[in-house]
Amino acid sequence: MKTGRLEAFSDGVLAIVITIMVLEMKAPEDTTLQGLLAVTPVFISYLLSFIYLGIYWNNHHHLMQVTQKVNGKILWANLHLLFWLSLIPFVTSWVGEHGHYYEALPIAVYGFVLLMSAIAYFILEKVLITYHGDNYALSKLCTNGTKEYTSLCIYLLAVPLAYINTWISIGLYIIVAFIWLMPDRKLEELMSEIEEH
């Protein structure tokens, strides 16, 4: 099977997830600066979640650019990833809209959803590599997995740390976002080589 339907479906789901998140943001009834500042926590949680979804969309796009074909396992691995990403609006609302930045459980659950999304993406990569074999472009890029393992370790640390200090956990989630903000240069170089051939 070609990748077109998988890409289109994934793009559609992520677009809906982002739309749900922005619709959860309610404009302040007050027209003053204080009214606007009152919704700052909601905006901050939305911004972080939007960045995360953007990172996943960007990396998923690059992943599909080096993928020639898919099978049933890949479709299920992709759905597994989309499941966890679709929970981001829920945890974003729980943290931001209800002002639970100081509450351990919402911050820990937010991190758990990010952790499971990262694991799901890692599984998707592995299933793609297994299906395509050693000559697959992605298998040449995923040799050391430094970013992946670093992110997983940070999430595993951040989730329980929410019960000690929620701001440490939030800071760690922001650090992971920064790690992934720029796509891997090797991947972009490889994509350029593929486009030239």
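Visitor: Which residues does Tyr 56 touch, not counting residues up to four places away in sequence?

Guide: When reading contacts, one sets the sequence neighbours aside and looks at what remains. In this predicted model, Tyr 56 touches Leu 81, Leu 85, Leu 114, Ser 117, Ala 118 and Tyr 121 once residues up to four places away are left out. Tyr 56 itself is found in helix 3, and its partner Tyr 121 is 65 residues apart from Tyr 56 in sequence, with 8.4 Å between the two C-alpha atoms.

Visitor: Is Tyr 56 buried or exposed?

Guide: For this one reads the relative accessible area, and a residue under 20% is called buried. Tyr 56 has a relative accessible area of 9%, so Tyr 56 is buried.

Visitor: And Ala 108, which lies in helix 6: what is Ala 108 in contact with, leaving aside its neighbours within four places in sequence?

Guide: The reading goes as it did for the tyrosine. Ala 108 is in contact with Val 159, Ala 162, Tyr 163 and Tyr 173, its neighbours within four places in sequence being left aside. For one of these partners, Val 159, the separation along the chain is 51 residues, while the C-alpha atoms of Ala 108 and Val 159 are separated by 4.6 Å. Ala 108 also counts as buried, because its relative accessibility is 5%.

Visitor: How many cavities of 30 Å³ or more are there, by the rule used here?

Guide: A cavity is a space where a probe fits but cannot get out. The count comes to 2 cavities of 30 Å³ or more, and the largest cavity has a volume of about 180 Å³. Its lining is made by 13 residues, and those that lie nearest its centre are Tyr 56, Ala 118, Tyr 121, Ser 151 and Trp 180. Here we meet Tyr 56 again, together with Ala 118 and Tyr 121, two of the residues that Tyr 56 touches.

Visitor: Which helices each supply at least two residues of that lining of the largest cavity?

Guide: They are helix 3 (40-65), helix 6 (104-132), helix 8 (146-161) and helix 9 (166-181). By class, the lining of the largest cavity divides into 10 nonpolar residues, 2 polar and 1 charged.

Visitor: What lines the second largest cavity?

Guide: The second largest cavity holds about 70 Å³ of space, and the residues lining it include Met 21, Glu 24, Tyr 46, Pro 89 and Glu 97. Helix 1, helix 3 and helix 5 (88-97) each supply at least two residues of this lining, with the largest share, 5 residues, coming from helix 5. Its lining residues divide into 5 nonpolar, 4 polar and 2 charged.

Visitor: How do helix 1 and helix 3 pack, and at what angle?

Guide: For a pair of helices one reads the angle between their directions and the distance between their axes. Helix 1 and helix 3 pack at an angle of about 175 degrees, with their axes 11 Å apart. Angles over 145 degrees count as roughly antiparallel, so helix 1 is roughly antiparallel to helix 3. Among the residues that make the contact are Leu 14 and Met 21 of helix 1, and Tyr 46 and Trp 57 of helix 3.

Visitor: At what angle do helix 1 and helix 4 pack?

Guide: Helix 1 (residues 4-24) and helix 4 (residues 72-86) pack at about 5 degrees, with their axes 10 Å apart, and therefore helix 1 is roughly parallel to helix 4. Their contact includes Phe 9 and Val 13 from helix 1, and Leu 79 and Leu 82 from helix 4. The contact has 10 nonpolar and 3 polar residues, and no charged residues.

Key:
Residues numbered from 1 in each chain as written. Predicted model: local features only at pLDDT ≥ 70, side-chain atom pairs only at ≥ 80, totals over all residues. Heavy atoms only, no water. Axes fitted to C-alpha atoms, helices over the stretch in contact; angles between N-to-C directions. Helix = DSSP H or I, 4+ residues; strand = E, 2+ residues; numbered from the N terminus. Parallel < 35°, antiparallel > 145°, perpendicular 65-115°, else oblique. Contact = heavy atoms within 4.5 Å. Nonpolar A, V, L, I, M, F, W, Y, C, P; charged D, E, K, R; others polar. 1 Å grid on protein atoms, 1.4 Å probe; cavity = no way out; pocket = protein on both sides within 12 Å on 5 of 7 lines; lining within 4 Å. Points joined across faces, edges and corners; volume = space filled by probe spheres on them. Buried < 20%, exposed > 50% of the residue type's maximum accessible area, 1.4 Å probe, protein only.
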